[in-house]
Amino acid sequence: MAVPLSSSAGPEAFAPPERDLEQLEIELLLEAVYRRYGVDFRQYAQASLKRRLYRRLHAEGLDTLSQLQDRLLHDPPCMERLLLDLSINVTSMFRDPSFYASFREHVVPILRTYPFTRIWCAGCSTGEEVYSLAIVLHEEGLYDKTRIYATDINEHVLQTAAEGVFPLERMQQYTQNYLRGGGKEDFSQYYVAAYDSVRLSRSLTENVVFAQHNLAMDRSFNEFNVIVCRNVMIYFDKALQDHVHSLFYESLPTFGILALGHKESIGFTRLAGRYEEIDAAERIYRKVS
Ligand SMILES: C[S@@+](CC[C@H](N)C(=O)[O-])C[C@H]1O[C@@H](n2cnc3c(N)ncnc32)[C@H](O)[C@@H]1O
């Protein structure tokens, strides 16, 4: 049916409510970022995404999301800054110590039965999680027959991860985490302090490959005995979570192990029935079919 064009119907007659307008601006901005840079944030959970977009908008001294879109399209360094804002990189060594205690108790005995183990640490941020896993594997006598593939969407954090230099002030907390996670050695043997930083032992990254990988867009690149992806999918919407779960499922052999963050779960995904719980509280699962 044709819409009658009345002379009194100005543009405001078609104007969507403010909230829809904001949603439209967000969608256009994310589409623009995707088409200009190939980085896909279109399926990230909305609430935290919106907060971070506004944070960048204010930091750039802009007024609207459309202005931010314009700057992003024409100013690649602005895109770099947004990428840092969006890829929330909070992490720590032996984060959730009970997870590492469970990993020692339940996963290590399984790994002992393998001649060689490939672990994918997806969304590893600045690497604290990777060094923690390497320490556990070293102490359990498994590190020499393990390769850890440590990936993240953000190449800046990967650079920090590969350098292995962290603030000295965090070591006290990390030492406590290490002990609560089942560590029995002297934690300070794993690093050398200089001024206000520490450098973690180079031997901990001997069997680690750091590589950029986007869980939203890239394919799997190997088959893994263990996939650790903690505190990453909380930032994704349901469709993207499903996509990443399929990616992980395809990357695990039968009896392959999947470890998620405390606020994440395999339950409510369509693959839930394909896994059994190794430790439900610690979100450690094993693929069974
Ligand atoms: C909160 S950190 C979690 C770090 C670590 N796994 C932990 O639990 O401490 C989330 C990480 O996921 C990464 N990330 C976000 N979106 C990603 C994507 N699409 N593909 C790969 N990594 C992503 C971020 O860059 C960030 O380093």
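The following paragraphs lead from the overall protein chain to its two sheets and to the helices that pack on one of them.

The structure is a predicted model. Its protein chain has 289 residues, of which 48% count as buried, and it contains nine helices and ten strands. Measuring along the principal axes is a simple way to describe extent: the C-alpha trace spans about 80 × 50 × 30 Å. The chain exposes about 14,600 Å², and carbon and sulfur atoms supply 51% of that area. With regard to charge, there are 31 positive and 39 negative charges, and the mean positions of the two groups lie 4 Å apart. Contacts can also be sorted by their separation along the sequence. Among those with a separation of 6 or more, 75% are between residues 24 or more positions apart.

The strands may be considered next. In general, strands of a sheet pair through backbone hydrogen bonds, in either a parallel or an antiparallel manner. One open sheet in this model consists of seven strands in the order β6-β2-β1-β7-β8-β10-β9, and its pairing is mixed. At its edges are β6 (208-212) and β9 (275-279), each of which pairs on one side only. Neighbouring strands of this sheet are turned against each other by 20° on average, direction ignored.

Within this sheet, strand β7 (residues 226-229) and strand β8 (residues 257-260) offer an example of parallel pairing, with four bridges between them. One position can be followed directly: the bridge partner of Cys229 is Leu260 in β8.

Helices also pack on the seven-stranded sheet. Helix α5 (residues 97-112) touches β1 (117-122), β7, β8, β9 and β10 (284-287), and its direction makes about 25° with that of β10. Helix α6 (residues 128-139) packs on the sheet as well, touching β1, β2 (146-152), β6 and β7. The direction of α6 makes about 170° with that of β2. Both helices therefore appear in the contact lists of β1 and β7.The other open sheet is formed by three strands in the order β3-β5-β4, with antiparallel pairing. β3 (165-167) and β4 (191-194) stand at its edges with a single partner strand each, so one side of each has no neighbour in the sheet. The twist from one strand to the next averages 30°. Strand β5 (residues 197-200) is joined to β4 by four bridges, and the two run antiparallel. Here the bridge partner of Tyr191 is Leu200 in β5.

Definitions and conventions:
Residues are numbered from 1 along each chain as its sequence is written. This is a predicted model: local features need pLDDT of at least 70, side-chain atom pairs count only at pLDDT 80 or more; totals for chains, interfaces and linings use all residues. Side-chain values use heavy atoms; hydrogens and water are left out. Two strands pair if DSSP finds at least two bridges between them. Axes are lines fitted to C-alpha atoms, for helices over the stretch in contact, and angles run from 0 to 180 degrees between N-to-C directions. Contact means heavy atoms within 4.5 Å. Buried means under 20% relative accessible area, exposed over 50%, partly exposed in between (1.4 Å probe, protein chains only). Accessible areas come from the Shrake-Rupley method with a 1.4 Å probe; for residues, only the protein chains shown count as cover. Lys and Arg count as positive and Asp and Glu as negative; His and the chain ends are not counted. The place of a charge is taken as NZ of Lys, CZ of Arg, CG of Asp or CD of Glu.
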